[in-house]
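Visitor: Please show me the model. I would like to ask how each label is earned.

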Amino acid sequence: MNLLEKIKMPKKKADNPPPQVPVYWIENSESVSRHFQFEPDGQLLVKIVDDSRPVAYRMVESFRNKFFPSGYPYSVNEGYLRYTQFRALQHFTSAALSVLSTQSLLFAAGLRPTPAQATAVSWILKDGMEHVGKLLCSNLGARMDSEPKRWRILADVFYDLGTGLEVLSPLCPHLFLELAGLGNFAKGMAVVAARATRLPIYSSFAKEGNLSDLFAKGEAISTLFNVVGIGAGIQLASTICSTVQGKLVVGPLLSLVHIYCVSEEMRAAPVNTLNPQRTAMIVADFVKTGRISSPADLRYGEDLLFPGRLIEEAGNVMVGKALHKVVKPSELHQIKRTFPEEKFILHLGSRWTDMVLEHNATGEDALRGWLVAAYAADIGKCFNASSEIVLRDAYERMNIVFSPFLSELHSKGWHTDRFLDGTGCRFSL
């Protein structure tokens, strides 16, 4: 074949690229073989090829995958399991109480408990007193930011009070509208308080930016045990609680379990924002032992119902008073000269120390003031000096320790960008 013939010969078509072979592999762990495969669009498919584990074990894992955050227990902070356990029992008792109260309302109104009539009564009451309760409670949002645990417990107390009024309605049918209206008023307040405090509580458990996953799985558990509780409530309503006397026995028992569960939930939550109580506890531990307590360390020491108690080791600091009630105009400039660059004012009293913060003060500013107050109280016990000298010496001690104190505080997981003092008064010069 000469050169001309080679040129005239048709060229061979380019070979088609070989088909892509799916990328897959098999992993074996804990008696389970899983097949992993990447799809052409980049998605990863996982199939269980062989599972030799006991049925009970597989059921537990399936339950955990559906109702607990992905990566549990490593993706959440300490205390989440205990919080979830009591949350489940809390919703169970709450749902059972709801069934009993609805039945009692229908009997008190002289109606048979049919779904249509129950819906009508419920809507009439919700559109009235319940909305009034929601509006009143919505004005307390700042207090809920500062003490979410306390208001979460109060929410369930309000709910059980409203439920109790509904349970008692058959005993005085002539006051049906009054009792039902007050009951729904209390429930309206409970709804707002519970919803407003939900995010701070869930945020305390989020460890890997998984707040949405925590919220979704928490609602899944709530829904599941609400359904179970409704079933138990129906059973109780048709047996033990078919009479008012039975409800008066079972209702308080369920309510006690309900409140106990929500209080244990709140004790388990390691809230990491600074409010007056937690700041005082941090400072007290640091002054006494030289160590910084983590949110998990302090959670069981919080007073959930009366958080305003004074802590002597932290200087007996009281925060939130109006400036004109703390210092006289003639004393203000003298106090500001002691702390010229600070965003707080301290006034040493015989029983406690008042601290007033500027309007843009952060958690760091509150911590600085609290440490000064704690050191001032300690110095005042040892030396008989004027308050100005005591505060100046305490201020110097605070400046020496504050940088390592703040670094350790951040490493323990505390957020110091804000100080949540509820409705505390602040000043601006």
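Guide: Start with cysteine 172, which has a relative accessible area of 17% and counts as buried. A word on the source: this is a predicted model, where local features need pLDDT of at least 70, side-chain atom pairs count only at pLDDT 80 or more, and totals for chains, interfaces and linings use all residues. Residues are numbered from 1 along each chain as its sequence is written, and side-chain values use heavy atoms, with hydrogens and water left out.

Visitor: Why is cysteine 172 called buried at 17%?

Guide: Buried means under 20% relative accessible area, exposed means over 50%, and partly exposed lies in between (1.4 Å probe, protein chains only). Cysteine 172 is at 17%, so it counts as buried.

Visitor: What makes cysteine 137 buried?

Guide: Its relative accessible area is 1%, so cysteine 137 is buried too.

Visitor: How many disulfides does the structure hold?

Guide: Zero. A disulfide is counted here when a pair of cysteine sulfur atoms lies within 2.5 Å. In general, a disulfide is a covalent bond between the sulfur atoms of two cysteines.

Visitor: Why is phenylalanine 306 called exposed?

Guide: Its relative accessible area is 62%, and the cut-off is over 50%, so phenylalanine 306 is exposed. This residue is in the loop between helix 12 (295-298) and strand 5 (317-319). Helices (H or I, at least four residues) and strands (E, at least two) are DSSP runs, numbered from the N terminus. Phenylalanine 306 is 156 residues from arginine 150 in sequence, yet their C-alpha atoms are 8.3 Å apart.

Visitor: What is notable about phi of asparagine 316?

Guide: The angle is near 50 degrees, a positive value in a residue other than glycine. Asparagine 316 also lies in the loop between helix 12 and strand 5.

Visitor: Why are glycine 164 and serine 242 called partly exposed?

Guide: Glycine 164 is at 27% and falls between the two cut-offs, so it counts as partly exposed. Serine 242 is at 39%, so the verdict is partly exposed here as well. Glycine 164 sits in helix 6. Serine 242 is in the loop between helix 9 (211-238) and helix 10 (244-268). The C-alpha atoms of glycine 164 and lysine 247 are separated by 9.7 Å, with their positions 83 residues apart along the chain. For serine 242 and glutamine 103, the separation is 139 residues in sequence and 9.1 Å in space, C-alpha to C-alpha.

Visitor: Why is strand 7 described as largely enclosed?

Guide: Six of the six residues of strand 7 (residues 353-358) are buried, so the rest of the structure largely encloses this strand.

Visitor: How do you know which strands pair with strand 7?

Guide: Two strands pair if DSSP finds at least two bridges between them. Strand 5 has three bridges to strand 7, in the parallel sense. Valine 317 stands opposite threonine 353 there. Strand 6 (residues 344-348) runs antiparallel to strand 7, with five bridges. Leucine 346 faces methionine 355, and histidine 347 faces aspartate 354. Strands 6 and 7 form a hairpin with four residues between them. Strand 9 (residues 426-427) has two bridges to strand 7, in the parallel sense. Glutamate 358 has phenylalanine 427 of strand 9 as its bridge partner.

Visitor: What makes a set of residues a nonpolar core?

Guide: The members are buried Ala, Val, Leu, Ile, Met, Phe, Trp, Tyr and Cys residues, joined through side-chain atoms within 4.5 Å. The largest nonpolar core has 39 residues, and those touching the most other members are Leu346, Trp370, Leu371, Val372, Phe405 and Leu409. Helix 11, strand 6, strand 7, helix 15 (363-382) and helix 16 (387-411) each supply at least two residues of this core. Helix 15 gives the largest share, 10 residues. In soluble globular proteins, nonpolar side chains tend to be buried together.
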